[in-house]
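Here is a quick tour of one protein chain, written for someone who likes to check contacts atom by atom. Keep the viewer open and follow along.

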Amino acid sequence: MQAVSRRLGQRYLKPAASVSSLKSVYPLSDHYYGVEHPRYISTITPKGVGHLVRKGTGGRSSVSGLIAVVFGATGFLGRYVVQQLAKMGSQVLVPFRGGEDAHRHLKLMGDLGQVVPMHFNPRDEDSVKAVMAKANVVINLMGRDYETRNYSFEEVNHGMAEKFATIAKEHGGIMRFIQVSCLGASPSSPSRYLKAKAAAEQSVLREIPEATVLRPATMIGTEDRMLNTWAHFAKKYSFVPLFGDGSTKFQPVYVVDVAAAVVAALKDDGTSMGKIYELGGPEIFTMHELAEVMFETIREWPRYVKIPLPVAKAAAMPREILLNKVPFPLPTPSIFNLDKINAISTDTLVSENALTFLDLGIEPHKLRGYPIEFLLSYRKGGPQLGSTVSEGVSPDSLP
């Protein structure tokens with residue numbers, strides 16, 4: 001009986017003739033579906049040749065061919081860059097060093113599996129190499145305009161950028177490297193932040209001469225640290241401090257326009273490689289004029305306290321002195337940031353002959369209107385309540 005069972009089992013386990021003929025027509029070997037098959041061979045565009053967007057309509061489910069690692073993706077500008085990259089069907093690698101919640105808002109911006117969080121240590125070269133291993137585009141947005149006990153201006157803004165560029169050069173498969181700097185970056189600037197950014201530009205271009213450098217002006221948007229800080233201060237203390245006489249000029253720019261410039265530099269045919277772009281808004285404001293716009297939007301009566309620069313620097317100095325001398329972290333400076341006070345002592349405007357948004361095919365938004373609508377949340381009693389200077393309402397008549 002057992003012998004009969006074995007014979008029957010062998011009979012039914014043998015491949016049928018139909019299956020054998022199917023294999024002859026459609027071979028199902030491991031070699032056919034292995035990594036050697038043309039289907040799985042990389043078709044990445046060579047460096048600087050043609051457009052990177054290759055397949056699909058440009059939506060989230062299309063294939064752009066980009067595998068972009070975005071250092072600083074969890075920051076202010078980073079979320080907008082990730083959104084625009086993911087929107088065109090790119091895979092975005094998001095290095096982070098904080099908790100698991102630091103990148104949670106980014107995963108929803110792309111198709112399933114297209115936004116990939118990767119825990120890393122920016123001081124560990126092996127960790128950075130692991131993040132870049134499968135990438136073909138590197139975008140460096142990392143930067144900080146204040147120091148902490150653990151990270152100095154020079155390390156965050158210069159040292160890390162130099163390290164990323166060196167590793168990208170060794171990688172060999174990085175098609176594009178974009179370094180986001182800051183308008184006003186100069187070795188002669190009174191600001192250590194701007195000096196470090198200028199040094200980072202030089203280091204990146206020395207390692208990767210075909211890198212693209214973008215210098216955005218002060219960025220305005222929903223999560224910005226300028227108008228939000230002013231509005232919060234005004235609601236809490238009923239005035240805004242202006243350093244000096246408030247006559248320093250600058251060109252604030254909408255953060256979405258800066259993110260669009262990053263993507264535009266990636267999508268061109270290589271014309272932006274090795275060039276520096278200065279990204280300023282279409283309007284020039286003084287600090288006082290921008291504060292007026294803020295007060296008008298939140299519908300509060302404008303009140304200012306003009307603080308001479310020496311007094312402002314003296315108020316910000318204790319944190320700088322105690323920063324590395326106390327065994328605990330000090331509060332993050334908001335208004336009284338010594339390096340920012342040094343930076344606003346001179347005008348920050350786009351140079352006369354510089355490459356700008358227009359050279360990338362982008363027309364930047366004016367500030368009034370949609371870019372500052374987020375300030376409506378600061379209106380007393382709701383978006384329809386409050387008073388403005390244009391209405392001619394005296395603050396004494398307000399309840």
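Which backbone nitrogen lies 3.1 Å from a polar atom of the side chain of Glu-283? That nitrogen belongs to Leu-367. Bear in mind that this is a predicted model.

**A loop glutamate**

Glu-283 sits in the loop that runs between strand 11 (276–279) and strand 12 (285–286). Setting aside its neighbours within four places in sequence, the contacts of Glu-283 fall in two stretches of numbering: Phe-250, Gln-251 and Pro-252, then Lys-366, Leu-367 and Arg-368. Leu-367, the partner in the backbone contact, therefore turns up in the contact list of Glu-283 as well.

**The overall picture**

Stepping back, the protein has 399 residues, and 44% of them count as buried. Its secondary structure comes to eleven helices and 13 strands. If you take contacts between residues at least 6 apart in sequence, 76% of them join residues at least 24 apart. The exposed area of the protein is about 20,800 Å², with carbon and sulfur atoms supplying 55% of it.

**Salt bridges**

Side chains of opposite charge can pair when their charged atoms come close. In this model there are 14 salt bridges, and three of them are set out here.

| Pair | Closest N to O distance |
|---|---|
| Glu-162 and Arg-206 | 3.3 Å |
| Asp-268 and Arg-176 | 3.2 Å |
| Arg-319 and Glu-320 | 3.9 Å |

Start with the salt bridge between Glu-162 and Arg-206. Glu-162 belongs to helix 5 (residues 153–171) and Arg-206 to helix 6 (residues 192–207), so this pair ties together parts that are 44 residues apart in sequence. Glu-162 counts as partly exposed, at 26% relative accessibility.

Next comes the salt bridge of Asp-268 with Arg-176. This pair links distant parts of the chain, 92 residues apart: Asp-268 is in the loop between helix 8 (255–267) and strand 11, while Arg-176 is in strand 5 (residues 176–180). Are these two partners buried or exposed? Asp-268 is buried, with a relative accessible area of 12%, and Arg-176 counts as buried too, at 4%.

The last row of the table pairs Arg-319 with Glu-320. Arg-319 is buried at 14% relative accessible area, whereas Glu-320 is partly exposed at 26%. There is also a network: salt bridges that share partners join Glu-147, Glu-154 and Arg-192.

**The annotated segment**

An unreviewed UniProt entry lists residues 63–82 as "transmembrane region". What does the model give for helix and strand over residues 63–82? The chain there is 35% helix and 25% strand, and the C-alpha atoms at its ends are 15 Å apart. Two buried residues elsewhere in the chain have contacts that reach into that range, and they come next.

**Ser-90 and Leu-106**

Ser-90 has its place in the loop between helix 3 (76–87) and strand 2 (91–96). Ser-90 is buried, with a relative accessible area of 1%. Its side chain makes a polar contact of 2.7 Å with the side chain of Ser-64, and the Ser-90 side chain also reaches the backbone oxygen of Leu-85 at 3.2 Å. Not counting residues up to four places away in sequence, Ser-90 touches Ser-64, Leu-66, Leu-85 and Gln-114.

Leu-106 is in the loop between strand 2 and strand 3 (115–119). At 0% relative accessibility, Leu-106 counts as buried. Which residues surround Leu-106, leaving aside neighbours within four places in sequence? Leu-106 is in contact with Ala-73, Thr-74, Arg-79, Val-82, Val-94 and Val-115. One of these, Thr-74, is 32 residues away along the chain, and the C-alpha atoms of Leu-106 and Thr-74 are separated by 7.8 Å.

**A nonpolar patch**

To finish on the surface, Met-317, Ile-321 and Leu-322 make a nonpolar patch of about 240 Å². Leu-322 is found in helix 10 (residues 309–322). Why does Leu-322 count as partly exposed? The reason is its relative accessibility of 39%, which falls between the 20% limit for buried and the 50% limit for exposed.

Technical notes: Residues numbered from 1 in each chain as written. Predicted model: local features only at pLDDT ≥ 70, side-chain atom pairs only at ≥ 80, totals over all residues. Heavy atoms only, no water. UniProt positions renumbered as here; feature names shortened; annotations may be inferred. Helix = DSSP H or I, 4+ residues; strand = E, 2+ residues; numbered from the N terminus. Patch = residues over 30% accessible without salt bridge, like charges linked within 9 Å, V, L, I, M, F, W, Y side chains within 5 Å. Areas by Shrake-Rupley, 256 points an atom, 1.4 Å probe, with all protein chains shown as cover. Salt bridge = Lys/Arg side-chain N within 4 Å of Asp/Glu carboxyl O. Buried < 20%, exposed > 50% of the residue type's maximum accessible area, 1.4 Å probe, protein only. Polar contact = N/O pair within 3.5 Å; in protein donor to acceptor, adjacent residues only side chain to side chain. Contact = heavy atoms within 4.5 Å.
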